[in-house]
Amino acid sequence: MTRILVIKLGALGDLVQAFAPFAAIRAHHRSASVTLLTTAPFAALMRASPWFDRVEVDSRPSWRNLRGLAALRRTLVGYDMVYDLQTSGRSSRYFRLAGRPAWSGIAAGAGWPHDNPHRDVMHTRARQRDQLRRAGIAQVPDPDLSWLAGGGPVLPAPYALLVPGAAPHRPAKRWPAERFGALACRLHQRGLTPVIVGTQAESGLAAIIRAACPAARDLTGRTGLPDLAGLAARAALAVGNDTGPMHLAAAMGCPATVLFSRDSDPSLTAPLGRAPGQVRVLRVDDLATLSVDRVAACLG
């Protein structure tokens, strides 16, 4: 049996952006055994997906960790084709560890190189489509995510998801929690229950929002990724910073408003959604200057 390996190691938003390529690779290699190499936080989610026969976890050993590299090499060898969707310096070095198999990516010597000179200024989804096209996969449609739609608690409708967190080491990507609180009040006045989601570490942000809007519901730290996907699929809308849960909400078809600062470029990484107009992007240099009125106006 043909053995296929797909490499995707990034954060949640990066993983979600690769859902369509995952499905396209699976469809192209229907009779093959397809394995994903990813990081531990996403292994359970991807094992539940219909795209992979196996999911392996990359512990990302340091290049000085000879025992760890030997274990990684054992994970990488023996595949007939490798699709490196991470296309980083690290994942490109896996080409040699794997014994130089048939390879789609940017590693020197790859049989199917993604050598488009404009790749660094392409949106992630466009870049991945172009990479797969060069490897012989012409169609990369939106995937069927019905396997994710039923997850999580079923809350009384209608409700709106609020995503006030972002990467802890990038505070400039966060709209002030007090403004999320003011927005929550406006949503409640419209008949929507604000539902705050995020990690347990973001429960302090939820407390600030609930101090302004006691009607808001705090689910921070209480939702795994399948739960979050199901909640988003049933939500009336979602508002949040440029962070992974907003990518997941957009992928599930939820009308989403995503707030960007100068710390990231939406032309390269913004969620695209499943339909025209489903995702709206608000970008300002400094999110501290973004008013509640402007965000509320964007929600219609």
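How does the chain's radius of gyration agree with that of a compact globule of 300 residues? A compact globule with that number of residues would have a value near 19 Å, and the chain has 20 Å, which agrees. Please keep in mind while reading that this is a predicted model.

**Overall picture**

Along the principal axes, the C-alpha atoms fill a box of roughly 60 × 40 × 35 Å. The chain's secondary structure comes to 13 helices and 12 strands. Of its 300 residues, 54% count as buried. If we take contacts between residues at least 6 apart in sequence, 60% of them join residues at least 24 apart.

**The open sheet and its helices**

Let us turn to the strands. An open sheet is formed by six strands with parallel pairing, in the order β9-β8-β7-β10-β11-β12. Its edge strands, each pairing on one side only, are β9 (217-218) and β12 (279-283).

Strand β10 (residues 237-241) is joined to β7 by four bridges, and the two run parallel. Four bridges also join β10 to β11, again in parallel. As for burial, β10 is mostly covered, with five of its five residues buried. Ala 238 is a good place to look in the model: this residue is the bridge partner of Leu 161, and it also stands opposite Ala 256 in β11. The bridge partners that can be followed by eye are set out here.

| Residue | Bridge partner or opposite residue |
|---|---|
| Ala 160 | Leu 237 in β10 |
| Leu 161 | Ala 238 in β10 |
| Ala 238 | Ala 256 in β11 |

Two helices lie across strands of this sheet. Helix α8 lies across β7, β8 (193-196), β10 and β11 (256-260), and runs at about 175 degrees to β7. Helix α9 (residues 203-212) lies across β7, β8 and β9, at about 165 degrees to β8.

**Lys 173, a lysine in a loop**

Where does Lys 173 have its place? Lys 173 is in the loop between β7 (159-163) and α8 (177-189). Is this lysine buried or exposed? Lys 173 counts as buried because its relative accessibility is 9%, below the 20% cut-off. A polar atom of the Lys 173 side chain lies 3.1 Å from the backbone oxygen of Asp 242. Apart from neighbours within four places in sequence, Lys 173 is in contact with Ala 166, Asn 241, Asp 242, Ser 261, Asp 263, Ser 264 and Leu 287.

**Helix α2**

Helix α2 (residues 19-28) is largely enclosed by the rest of the structure, because eight of its 10 residues are buried. The buried residues are Phe 19, Ala 20, Pro 21, Phe 22, Ala 23, Ala 24, Ile 25 and Arg 26.

**The cysteines**

How many disulfides does a search of the whole structure find? The search finds zero. Why is there no bond between Cys 185 and Cys 213? The closest cysteine sulfur to that of Cys 185 is in Cys 213, and at 4.3 Å it is too far for a bond, since a disulfide needs the two sulfur atoms within 2.5 Å. Cys 298 is in no disulfide either, and the nearest cysteine sulfur, that of Cys 254, is 13 Å away. As for accessibility, Cys 185 is partly exposed, with a relative accessible area of 23%, whereas Cys 298 counts as buried at 15%.

Definitions and conventions: Residues are numbered from 1 along each chain as its sequence is written. This is a predicted model: local features need pLDDT of at least 70, side-chain atom pairs count only at pLDDT 80 or more; totals for chains, interfaces and linings use all residues. Side-chain values use heavy atoms; hydrogens and water are left out. Buried means under 20% relative accessible area, exposed over 50%, partly exposed in between (1.4 Å probe, protein chains only). A polar contact is a pair of N or O atoms within 3.5 Å; within protein, one must be able to donate a hydrogen and the other to accept it, and residues adjacent in sequence count only if both atoms are side-chain atoms. Contact means heavy atoms within 4.5 Å. Two strands pair if DSSP finds at least two bridges between them. Axes are lines fitted to C-alpha atoms, for helices over the stretch in contact, and angles run from 0 to 180 degrees between N-to-C directions. The radius of gyration is taken over C-alpha atoms; the globule rule is 2.2 Å times the number of residues to the power 0.38.
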